[in-house]
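Me: I'd like a close look at one part of this model: a single helix, what packs over it, and the chain-chain contact around it. Can you walk me through that in one go?

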Amino acid sequence: MFPDVIDTKILRFWVDDGLTWVVRYWGDGFEAAAYPLLQLLISIERFLLWLPWWFIIVLLVGLAWLSTRNWKLPAVVFVGLLFLGVMDLWEDSIKTMALMITATLTAIAISLPVGIVMSRSQPFRRIMMPVLDLMQTLPSFVYLIPVVMIFGPGKIPALIATIIYASPPLVRLTDLGIRMVDPAVMEASRAFGTTPRQRLLGVQIPLALPTILAGVNQTTMMALAMVVIASMIGAGGLGYQVLQGIGRLEVSRGLFAGLGIVVLAIIFDRISQSFGKQLQARIGMAEKRT
Amino acid sequence: MSQREKYAIEIKNVTKIFGPDPQSALDLLKKGKSKAKVQAETGHVVGINDVSIHVEPGQVYVVMGLSGSGKSTLIRHVIRLIDPTSGEIYVHGTDVLGMSLPELREFRRTRIAMVFQKFGLLPHRSVIDNVAYGLEVRGIGKQERRMAAQRWIDTVGLSGYEESQPHHLSGGQQQRVGLARALSMDTDIILMDEAFSALDPLIRSGMQDELLKLQAELNKTILFITHDFDEALKIGNRIAILNDGAVVQEGRPEDIVLNPTDPHVEQFVADVNKARAIHVHTIMDVDVSESCEFSVPDTARCEDVLPLFADHEWVGVVDSEGNRVGRISARRVIKALARYHKAVTTGP
């Protein structure tokens, strides 16, 4: 056995007591701060549930058509959505979709600026890299407990846990996309007397957009991957069905809801990827430049 | 100061050292240590070593050197894409190094335009928006800048490609966009960093001809960087040859061809088409008493008069007003072309 060097009990007390203190004195503040997030989630959920089912099908099939100009993907999307409806999973799917959309939107709002700052500041990048590694490798249950303690069970901790889990790829890909912009183009832009802001908005972000979009795609997928865990702390939706399936040993319930998650993943993955490819083709990254 | 304003671009004793502590390396260099020695002792790379260049308004000034000679580093100093370790840089008498950041931006927006070896076009914008880019940065309205851009697109022969994306164009066409983008800035100085080096030889030659034609109309000051000695001879009014970060010879093209002062320059001259480099007026007879049946302008080069000797023993040379300034014979041309070869074959 490794010899006892220090008494870890004290360390653990510090952490536990510290958290209790935070929950007692700052809990309300945190909850108030997260309130807009909850509002966003609820409005999106209500809006999507208010839309007629056929409208959502038309919308997603239309998007699929716009992204590929081909009948294959729209057909897949159509069949997938029919499956959700026929299997009585429609409302749960919409709830999951709302959670995923809210988490993705919030992740974009946070990750984009962070990624941009990382691409321009080496010190900040050096600090953020291990933080991102931590966010991606730390088992989600580890931060799920304190988040639930602070916010109480419900939609907010589920949302926050999803955002923590789903943000890192977007931050990384934003940073990478901006740093990979052709230095020759950047130099030419500088030679014409542009300000750093003009270069960021006019050159770097447009040229990094395909990479950033790949990050958004990753974030969407990771948010979907989180729904089962998120449902444990009160997120509802398809994940909750899976959870119930496990709890009641109803294999069919778990299987169908699980397939529903797969359907959502396929729909959003393929549509966002196709838009990314379109964008790449437009700026000539898909073909090799001569 | 008045002396200073005479030049469009003046680069004075510029040294650029790359590394974490360039000043200490500079001190060593100033104490007379060689570039190689400084690099061995401090790990600093001397990019440019005490280079001075004067470019007069309306000149096409070519800086020629092989890769690693520091020529691309040098041209970037003129608009401070790179800051020198020591030295002075003036553009029309204005101290470029003394400019604040906003002043520098204004200077880049309004006084100098640049053409790049790798084109540096914005791949997400159409050709016309690329050409209008400099004007857009300058803050000119969409209507006006597009009209100006259209004019230069027509001038460089890209009419009909306005809405194309750059990556759908060939290399030569892309560089025409780069050229039009620089010309649309309407600056009197243009920097060209190996502008034609990435193009196929035939396209390159065509672009050189077009640049000369444009220059005859526009009379800009052009600082042109190249690694191609033939290109330097073809388009340059003056040439500076850079080797290892220092100027080894500077002068008119024919002076360099006829009198290379450095072994490094001799190597270039040995392979060069001298008939193209030497102007007839530098080797003609100034005797104007004899009449000649046929005359060439004094801008003609040896290669232009060679075919005429098939029918004429003497060819007259006239200035731009048509006055006879001299005459030239085949014998003289042959002598001029052969002189250098002899020096090489009997040399040590």
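Reply: Sure, let's take helix α5 of chain B, residues 101-110, where the buried residues are B:L104, B:R105, B:F107, B:R108 and B:R109. Keep in mind that this is a predicted model. What sits over those buried residues comes from both chains: the cover includes α8 (183-191) and α9 (196-225) of chain A, along with α4 (71-78), β4 (86-91), β6 (112-115) and α7 (133-138) of chain B.

That takes us to the interface. Here 24 residues of chain B are in contact with 24 residues of chain A, and the area buried between the two chains is about 2100 Å², with carbon and sulfur atoms giving 61% of that. On the polar side, 7 residue pairs across the interface come out as polar contacts. The salt bridge count between the chains is 1: A:E187 pairs with B:R76, and their closest N and O atoms are 2.4 Å apart. On chain B, the side touching chain A draws at least two residues from each of α5, α7 and α9 (171-183). Sorted by class, that side has 10 nonpolar, 7 polar and 7 charged residues.

Now for a spot within chain B. B:I11 lies in strand β1, residues 9-18, and it counts as buried because its relative accessibility is 1%. Beyond its neighbours within four places in sequence, B:I11 touches B:V51, B:S52, B:I53, B:L74, B:V78 and B:E88. B:I11 and B:Y90 are 79 residues apart in sequence, yet their C-alpha atoms are 6.5 Å apart in space.

How values were computed: Residues are numbered from 1 along each chain as its sequence is written. Chains are lettered from A and ligands numbered from 1 in the order in which they are written. This is a predicted model: local features need pLDDT of at least 70, side-chain atom pairs count only at pLDDT 80 or more; totals for chains, interfaces and linings use all residues. Side-chain values use heavy atoms; hydrogens and water are left out. Buried means under 20% relative accessible area, exposed over 50%, partly exposed in between (1.4 Å probe, protein chains only). Helices (H or I, at least four residues) and strands (E, at least two) are DSSP runs, numbered from the N terminus. Contact means heavy atoms within 4.5 Å. Buried area is the accessible area (1.4 Å probe) that two parts lose on being put together, summed over both. A salt bridge is a side-chain nitrogen of Lys or Arg within 4 Å of a carboxyl oxygen of Asp or Glu. A polar contact is a pair of N or O atoms within 3.5 Å; within protein, one must be able to donate a hydrogen and the other to accept it, and residues adjacent in sequence count only if both atoms are side-chain atoms. Ala, Val, Leu, Ile, Met, Phe, Trp, Tyr, Cys and Pro count as nonpolar, Asp, Glu, Lys and Arg as charged, and the others, Gly among them, as polar.
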